[in-house]
There are 2 protein chains.
Amino acid sequence: MDVGGTKIAASIVDSSGRAGLKVKISTEQHDTARSIAQVAEIAHRVALESGISWRDISAIGVIVPGIYYTATGQVWAPNLPGWDHIPLRDALAERLPVPVVIDSDRAAYVTGEQWLGAARGLTDVIFLAVGTGIGAGIISGGRLIRGAGDIAGAVGWFALDPRTKEIYKRVGCFESESAGPALARRAAGGLTTEAIIERARHGDSAARQIVEQTIQYLAMGVANLVSVLNPQMIVLGGGLMQAGDLFLEPLRREMLQWAQPIAAKQVRIELSALGEDAGMLGAARLAFLGTES
Amino acid sequence: MDVGGTKIAASIVDSSGRAGLKVKISTEQHDTARSIAQVAEIAHRVALESGISWRDISAIGVIVPGIYYTATGQVWAPNLPGWDHIPLRDALAERLPVPVVIDSDRAAYVTGEQWLGAARGLTDVIFLAVGTGIGAGIISGGRLIRGAGDIAGAVGWFALDPRTKEIYKRVGCFESESAGPALARRAAGGLTTEAIIERARHGDSAARQIVEQTIQYLAMGVANLVSVLNPQMIVLGGGLMQAGDLFLEPLRREMLQWAQPIAAKQVRIELSALGEDAGMLGAARLAFLGTES
């Protein structure tokens, strides 16, 4: 199950990664208790509608758009109203008949791409999600990197320019300069990010310049991940990377200007192969892995 | 054994971290075969002079100022002439009667500090070495982070300023702006880094400004480590950090301006507690860990 800021998606996935019927509902925005109950209900619904008995379901993977605190089983998800230290593990354990494995969406994205996507079988992979925000899921030496407080990968906060701005303090320097909204902020005349992308595709020089400025910081952020973690691959996903063809080549080129040269030659930069399914498939994989032992 | 660019230090360390007699010799600079033989000879010498039989020595840990390739057992150490893909593991196995564990100095520094120093017992620790260069040793989730090609931690290459300079391409942006030589480069009139530090201590305003500019980038680099890895502690070591008292407080303060706010509150920034012994003690610890199984 992929719990997002606006939608919850669920499906039954087998151990080879084949997904069945996919159920998608809008996330309840006003009642926290209700939105938690929704997560359990959609699990029951997908089982029922798929005609699969709970006896044949080994575990449920649930991913959330925020932080999952492994020690307490609580979730903080800033885009879900009221989801501040929600005891999701206990709430779901009460309502569901099989083991539940919870994790962050970032952990699922990288796990999904490593299982079935662009980074299949690799041991050192980073998923860089560039959408309304920027965050990374990291697998190093075959293991998920969590950090001491379960918030590793908060790379939207990478410091990339000493000429600080007010907005850096709110969302981080890298995110301010390279997430989706950065393009609209750079444009005069209230253009949306989508409109700028569209214009850049058609050769509009002002729009192209905005894309280039965004790529400049994106390349620095990607390079920093390369230098510190020496991954085999960085997979780019998230909303802005739906226009990834516009970003990929210049990004690869500029990354080489910044990263440690040996690590820069070893890494591949690729677009997500699973798209929006990365989360759900990663959740399934995390559920299999989390209940194997 | 700590093989450095100019010295090799060796000692016998027991399983609780007590070190005996320390032997130190100058590294042979002109003959690669000779410098490799030196490493084996000093091991024999320290055993002999300590009066300890090889029967009572479980393993030898050797750390090198560069990259240790775990797959091939080779070493690349740019400051040791000719040490380019030297088959050190095989060379030492032939010459020494006990198992040899080789690793990079960065791996040893963080391991030493985690074993006996500032970060005792922590699971998520980064040792940031700031000397003539900048590099990091990283322990995350209790394990050393190596990267796909054994060169993780090359954070001297962190991109911290889009206004690129020629020198960034040679040694990396972060290293150019914050390693020891950066201070001398910022000074007019051929002052050494040591002289600038001395003047800054005595309140010289030009010298203080140079230190502040260096700290600005240092804080950005430290913040990036905090955001991406969410460590419990970052331990500062290396030559420049012998003047760490001058850097520590402003660095802590400025780091808070950049790093992910929750991770920034969770991390402690401390000076190395082991100083130049971090490497040798870490080497011993790596030898114990590497031969335990």
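In this predicted model, five strands of chain B form an open sheet of mixed pairing, and read across the sheet their order is E11-E10-E9-E12-E13. Strand E11 (143-144) and strand E13 (268-271) of chain B stand at the edges; each has a single partner strand, so one side of each is left without a neighbour in the sheet. At the E11 edge, strand E10 (residues 134-140) of chain B pairs with E11(B) in the antiparallel sense, over two bridges, and within this part of the chain B:Ser140 stands opposite B:Arg143, which belongs to E11(B).

Two helices of chain B can then be placed against these strands. Helix H3 (residues 105-116) of chain B packs on the sheet and touches strand E9 (125-130), E10, E11 and strand E12 (233-237) of chain B, while its direction makes about 125° with that of E9(B). Helix H9(B) also packs on the sheet, where it touches E12 and E13 of chain B, and its direction makes about 170° with that of E13(B).

A single residue gives a view from inside the sheet. B:Val130 lies in strand E9 of chain B, and it counts as buried because it has 28 C-beta neighbours inside 10 Å, the cut-off for that class being 20 or more. Apart from its neighbours within four places in sequence, B:Val130 is in contact with B:Ser178, B:Ala179, B:Leu236, B:Gly238, B:Leu240 and B:Met241. By way of a distance across the chain, B:Val130 and B:Ile57 are 73 residues apart in sequence and, from C-alpha to C-alpha, 33 Å apart in space.

From the sheet, the description moves to the contact between the chains, to which chain B gives 42 residues and chain A gives 42 residues. On the side of chain B that touches chain A, helix H8 (205-229), helix H9 (244-258) and helix H10 (261-266) of chain B each supply at least two residues, and the largest share, eight residues, comes from H8(B). By residue class, this side of chain B divides into 22 nonpolar, 16 polar and four charged residues. Helix H9 of chain B therefore appears in both parts of the picture, since it packs on the sheet and also supplies residues to the side that touches chain A.

How are the two copies related? A rotation of 180°, with 0.0 Å of shift along its axis, superposes chain B on chain A with an RMSD of 0.0 Å, and that is the relation of a two-fold axis. The same surface serves both copies, as 100% of the contact residues of chain B recur in chain A.

Methods
Residues are numbered from 1 along each chain as its sequence is written. Chains are lettered from A and ligands numbered from 1 in the order in which they are written. This is a predicted model: local features need pLDDT of at least 70, side-chain atom pairs count only at pLDDT 80 or more; totals for chains, interfaces and linings use all residues. Two residues are in contact if their C-beta atoms, placed from the backbone, lie within 7 Å. Helices (H or I, at least four residues) and strands (E, at least two) are DSSP runs, numbered from the N terminus. Ala, Val, Leu, Ile, Met, Phe, Trp, Tyr, Cys and Pro count as nonpolar, Asp, Glu, Lys and Arg as charged, and the others, Gly among them, as polar. Copies are superposed by least squares on the C-alpha atoms of residues with pLDDT of at least 70 in both. Two strands pair if DSSP finds at least two bridges between them. Axes are lines fitted to C-alpha atoms, for helices over the stretch in contact, and angles run from 0 to 180 degrees between N-to-C directions. A residue is buried if 20 or more other C-beta atoms lie within 10 Å of its own, exposed if 12 or fewer, and partly exposed in between; C-beta atoms are placed from the backbone.
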